[in-house]
Amino acid sequence: MGMKTAEFTVTNNDNINVTLKTDSAQLDEVVVTALGIEREKKSLGYATQEVGGNEVSDIPQANFVNSLQGKVSGLQIKPSGTMGGSSNTVIRGFSSLTGSNQALYVIDGTIIDNSNNNSTDQQGGRGGYDYGNAATDINPEDIKSINVLKGAAASALYGSRASNGAIIIETKKGAKRSGIGISVNSTIMVSEVNKNTLPKYQKEYGAGYGPYYDTPYFNNYNNLDLPSGFDPSIPFTPFAEDASFGARFEGQPVYQWNSIYPQLEGTYQQATPWLAAENDPNSIWKTGTTAINSFALSGGGETNTFRLSVTNFDQEGNLPNSSIKRNTIKFSASQDIVEDLTVSTNISYIKTDGKGRYGTGYSSENPMQQFRQWWQMNVDVKEQKNAYFNTRQNITWNPNSPGNLTPIYSSNPYWTRYENFQTDTRNRYFGNFNVNYTINDVFSVLGRFTFDTYDELREERRNVGSDGVSGYSRYNNRQAEYNYDLILNFNKDFGDDFNLDGNIGWNLRRNEWSNILAETNGGLRVPNLFALSNTVSPLLAPDEYQADKLVDGIYARASIGFKNTYYIEGTIRRDRSSSLPAADNTYYYPSVSGNILLSNLVDADWLNFTKLRANYAEVGADTNPYRIMQYYSLLNPYGDAAMASNIGQINNQNLKPERSKAYEFGVEADFFNRRLGLDVTYYNSTTEDLITPVDISNATGFNTTIRNAGSLENKGWEVQLRGTPIQTEDFTWNINANWTRNRSEVVSLDQSLNNLPLASLQGGITIDASPGQPYGAIRGKDYIYDTNGNKVVGQDGYYLLSETNNEIIGNVQPDWIGGIQNTFKYKNVSLGVLIDGQKGGDIFSLDTWYGMATGLYTETVGNNDLGNPKRNTLANGGGIVLPGVMENGEPNRTRVAFDDYNHPYGYGRDANKGHIYDASFVKLREVNLTYSFGEKIIDSTPLTNASISLIGRNLWIIHKNIPYSDPESGLSSGNVQGYQSGAYPGLREIGASLKLNF
């Protein structure tokens with residue numbers, strides 16, 4: 001099988017030497033494409049890439065899509081770095097200015113919602129929780145294969161929602177005449193923080209912002225409101241300060257935070273030596289665990305199939321009081337009603353419960369905000385832990401004063417984790433019902449109903465006694481999508497040379513959104529009682545949203561094949577959307593593709609398969625509801641009178657659909673009996689009439705207006721290489737490599753704009769779309785440079801900075817991404833190793849912007865060029881000389897002070913550019929060592945297959961340039977990337993798995 005037939009005339013020769021040639025026609029790969037249509041891959045005129053289900057289930061993740069990192073060219077995946085957090089999934093670059101750039105997910109023909117419903121504040125770095133994408137509900141244990149449709153031509157039949165590409169997932173199912181099969185899989189993994197992504201703290205100086213206090217680094221007894229019992233000769237820590245530019249650690253007795261709380265009987269009114277804490281903030285991290293257990297029952301008879309699976313996912317996070325538990329039940333079945341009529345179904349139910357997800361961004365719920373930006377190096381985190389558990393009170397290191405023990409800025413981190421935690425629960429159902437009728441040898445018809453619906457409840461808490469106002473909020477959210485499809489399929493051979501196949505279809509889609517956010521007003525009356533009725537002031541009206549959207553589409557596809565060598569295909573789709581103006585709510589988009597199998601025209605032993613392909617496609621896109629007509633927003637009533645106001649946005653009755661125009665060229669080839677293969681693609685895509693909110697003058701009474709405001713181009717190269725350098729009877733070595741280079745450019749904006757801020761972020765920077773620049777330009781303050789690129793220093797010895805913070809100082813787009821996977825197999829043992837990486841891209845770190853100023857990091861201590869501590873006063877030989885040139889071109893020789901927070905490295909005097917870091921990295925992403933039990937063992941048991949594996953993920957950051965952080969860490973999925981605030985460390989995971997089949 002898989003070889004061409006060779007015929008010889010038998011003569012008197014006793015020996016005939018035969019070398020069979022590979023028959024590519026017999027090795028045709030069948031892949032699942034748009035609308036669930038199975039196609040021979042050789043006939044496709046566009047780029048796709050398939051990944052086996054084992055690639056995402058062997059080393060399972062909470063969000064399965066993270067397992068695709070480094071395995072698919074053109075696909076960029078960036079996790080946020082939090083427990084259960086979201087992941088950015090972008091194919092061939094960002095194509096929308098402010099809309100979604102996420103790929104479409106389709107499971108067994110069912111379109112799956114992948115919304116990120118995080119708050120606007122969360123996505124903009126102002127605090128909140130990352131609740132993850134909705135696609136995290138997909139269970140990797142049920143996945144059979146994944147096919148990534150990369151370009152517009154590949155996904156055009158899905159309509160506007162697939163303008164960003166599509167990830168097509170086929171799940172495992174039963175088989176006819178297979179009897180009953182049982183599979184049991186169990187995986188356990190433990191995780192530890194990667195110390196290379198944690199801060200490296202200085203251990204020489206403690207609390208304070210500089211010599212601003214009574215002694216001058218401490219407060220004294222006479223200026224504090226204190227009860228009797230304290231020794232007036234012993235100084236007090238400046239408790240209200242959240243920096244470490246204070247006194248040098250010399251072991252002198254000092255009243256610290258644990259000496260002013262009467263609740264702490266063992267340390268109250270007791271001075272302790274002024275020393276660096278034995279347990280710095282890095283000690284809060286604990287070992288996390290993930291246990292995944294699944295059971296599946298499958299089989300089939302003469303006319304039916306079925307599969308039932310149950311999976312339990314149980315994760316304990318690396319921060320205290322954090323967990324995610326998810327249970328999945330999936331059922332699939334098919335039945336031949338009569339010979340030509342088959343009904344089938346796929347149904348999944350998922351229940352997810354989260355507790356203690358990690359706060360993100362600049363928020364007191366994010367412990368990394370204080371650990372990376374605002375901290376006293378004299379504070380021992382384990383002592384803070386003991387203080388909380390011994391009292392169950394907010395015994396903070398950062399009170400207002402000894403006479404006012406409420407927190408001024410930061411709470412005890414353990415109080416935050418155990419008293420201010422969130423919870424969430426989500427119940428989700430998705431699946432489909434299908435009826436397929438074969439009319440004759442040419443025609444068949446498919447009727448399909450698909451659904452995806454979920455309800456979730458999110459509760460967030462801040463207990464009485466915390467920093468800030470206490471409170472409780474609850475967010476109820478329901479989303480649903482229903483699709484109705486009717487598809488006529490045809491496939492006809494005309495003699496031996498011609499083949500015609502295609503589809504004509506109709507689709508109706510209905511989306512429903514309904515959510516309500518309610519919260520207490522003015523705080524909680526009673527501590528530890530988290531209910532809306534426990535509000536201090538009367539409740540304000542909740543935020544409510546409800547919307548429906550209908551899109552109906554008709555489409556057609558036809559493909560002509562000639563001599564199994566030449567193929568040409570065309571598609572056309574028309575969509576009509578209720579979210580666009582009635583006069584312009586219909587849009588059409590075509591595609592055409594073609595390919596030639598050169599290997600059928602060239603007779604060469606070394607060439608097994610070669611295909612040239614090309615395509616052109618256009619894809620339209622609509623917008624969200626409520627962007628056409630003006631409407632009113634209800635306010636809280638005034639007495640008995642109802643109140644309403646205009647919304648802050650001018651909607652647009654003349655909106656046009658967005659339109660993407662894309663073309664690509666590619667070549668696929670296999671050589672030397674398929675021991676070497678490649679797939680190379682060049683693509684170019686331009687999206688026009690981008691629907692975008694645009695800022696306008698507040699004098700109009702509005703803040704923004706909706707316009708078709710620009711165009712965005714992406715172009716680049718994708719390369720996939722595969723090879724088998726060694727193949728013997730017992731040993732095989734396979735290599736798969738992927739590489740992608742995308743170039744993004746904002747081609748134009750609305751004539752009223754010269755720049756479109758995507759996000760205005762703390763630290764004074766913006767993430768922008770600027771004409772002529774790649775999408776995601778980072779703007780802020782820069783240094784002044786001379787003609788040779790040297791930083792210019794002013795007469796005072798400090799760097800000269802740009803007058804505005806409108807300079808382009810970086811960009812979030814990488815130069816390229818790639819991965820290489822090696823698989824070695826010797827008899828029953830296999831070893832898989834995946835290394836992936838990124839070159840280029842930039843990150844602004846708010847953590848070093850603040851943390852350098854507050855003296856947390858090692859760069860802020862040590863000796864200067866004179867051999868003296870740089871934190872000494874200038875009079876005592878301290879300070880530093882900044883490298884650079886004076887305005888006259890001479891080298892800088894002016895020494896500047898480094899004895900307080902207002903030094904040259906932090907937010908007081910530095911440029912934003914000084915905290916832009918290269919986002920490049922190389923990671924040992926996955927290692928999988930598996931032993932498959934041999935036939936002798938299997939035959940003596942009820943088993944049909946069995947294996948045991950040692951697995952690991954993110955084991956080693958081989959290279960990175962950003963200090964103290966994981967370059968992949970961020971806030972959330974979405975369009976705001978290249979920014980870190982309270983970034984979480986990377987995690988190393990190791991574990992084992994057992995797979996049994998009966």
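Biologist: What area does the chain expose, and what share of that area do carbon and sulfur atoms supply?

Modeller: This is a predicted model, by the way. In it the chain exposes about 41,500 Å², and 52% of that comes from carbon and sulfur atoms.

Biologist: What makes the chain as compact as a globular protein of its length?

Modeller: Set two values side by side. The radius of gyration is 32 Å, and the globule rule gives 30 Å for 998 residues; the two are close, so the chain counts as being as compact as a globular protein of that length. Along its principal axes, the C-alpha trace spans about 115 × 80 × 65 Å.

Biologist: And what is the chain built from, in helices and strands?

Modeller: The chain has eight helices and 55 strands. Of its 998 residues, 56% are buried. Also, take the contacts between residues at least 6 apart in sequence: 69% of them join residues at least 24 apart.

Biologist: Why is strand 22 called largely enclosed?

Modeller: Count its residues against the cut-off: buried means under 20% relative accessible area. In strand 22 (residues 443–462), 14 of the 20 residues are buried, so the rest of the structure largely encloses this strand.

Biologist: Which strands pair with strand 22, and over how many bridges?

Modeller: Strand 21 (residues 422–438) pairs with strand 22 in the antiparallel sense over 17 bridges. Thr425, for instance, has Leu457 in strand 22 as its bridge partner. Strands 21 and 22 form a hairpin, with four residues between them. Strand 23 (residues 471–494) also pairs antiparallel with strand 22, over 20 bridges, and there Glu460 has Ser473 as its bridge partner.

Biologist: What makes strand 33 and strand 36 edge strands?

Modeller: Each of them, strand 33 (649–650) and strand 36 (691–695), pairs on one side only. They belong to an open sheet of three strands in the order 33-37-36, with mixed pairing. Strand 36 and strand 37 (residues 704–708) run antiparallel and are joined by five bridges; in strand 37, Ile706 is the bridge partner of Pro693.

Biologist: On to the rings. Why is the pair of Trp374 and Tyr850 called tilted?

Modeller: Two values describe any pair of aromatic rings: the distance of the centres and the angle of the planes. To pair, centres must lie within 6.5 Å; under 30 degrees is stacked, over 60 is edge-to-face, and the rest is tilted. Trp374 and Tyr850 have centres 4.8 Å apart and planes at 40 degrees, so this pair is tilted. It links distant parts of the chain, 476 residues apart: Trp374 is in the loop between helix 4 (367–373) and helix 5 (381–391), and Tyr850 is in helix 7 (residues 846–851). Both Trp374 and Tyr850 are buried.

Biologist: What are the values for Tyr901 and Tyr907?

Modeller: Their centres are 6.1 Å apart with 35 degrees between the planes, another tilted pair. Tyr901 has a relative accessible area of 26%, so it is partly exposed. Tyr907 is partly exposed too, at 26%. These two, Trp374 and Tyr850 form one aromatic cluster together with Tyr209 and Tyr362. The model's count of aromatic pairs is 50.

Biologist: How do you know that a charge sits over the ring of Phe921?

Modeller: The charged atom has to be within 6 Å of the ring centre and within 35 degrees of the ring normal. The charged end of Lys923 is 5.4 Å from the centre of the Phe921 ring and sits over it. Likewise, Arg909 lies over the face of Tyr798, 3.8 Å from the ring centre.

Methods:
Residues are numbered from 1 along each chain as its sequence is written. This is a predicted model: local features need pLDDT of at least 70, side-chain atom pairs count only at pLDDT 80 or more; totals for chains, interfaces and linings use all residues. Side-chain values use heavy atoms; hydrogens and water are left out. Rings of Phe, Tyr and Trp (its six-membered ring) pair if their centres lie within 6.5 Å; planes under 30 degrees apart count as stacked, over 60 as edge-to-face and the rest as tilted. Helices (H or I, at least four residues) and strands (E, at least two) are DSSP runs, numbered from the N terminus. Buried means under 20% relative accessible area, exposed over 50%, partly exposed in between (1.4 Å probe, protein chains only). Two strands pair if DSSP finds at least two bridges between them. The radius of gyration is taken over C-alpha atoms; the globule rule is 2.2 Å times the number of residues to the power 0.38. Contact means heavy atoms within 4.5 Å. Accessible areas come from the Shrake-Rupley method with a 1.4 Å probe; for residues, only the protein chains shown count as cover.
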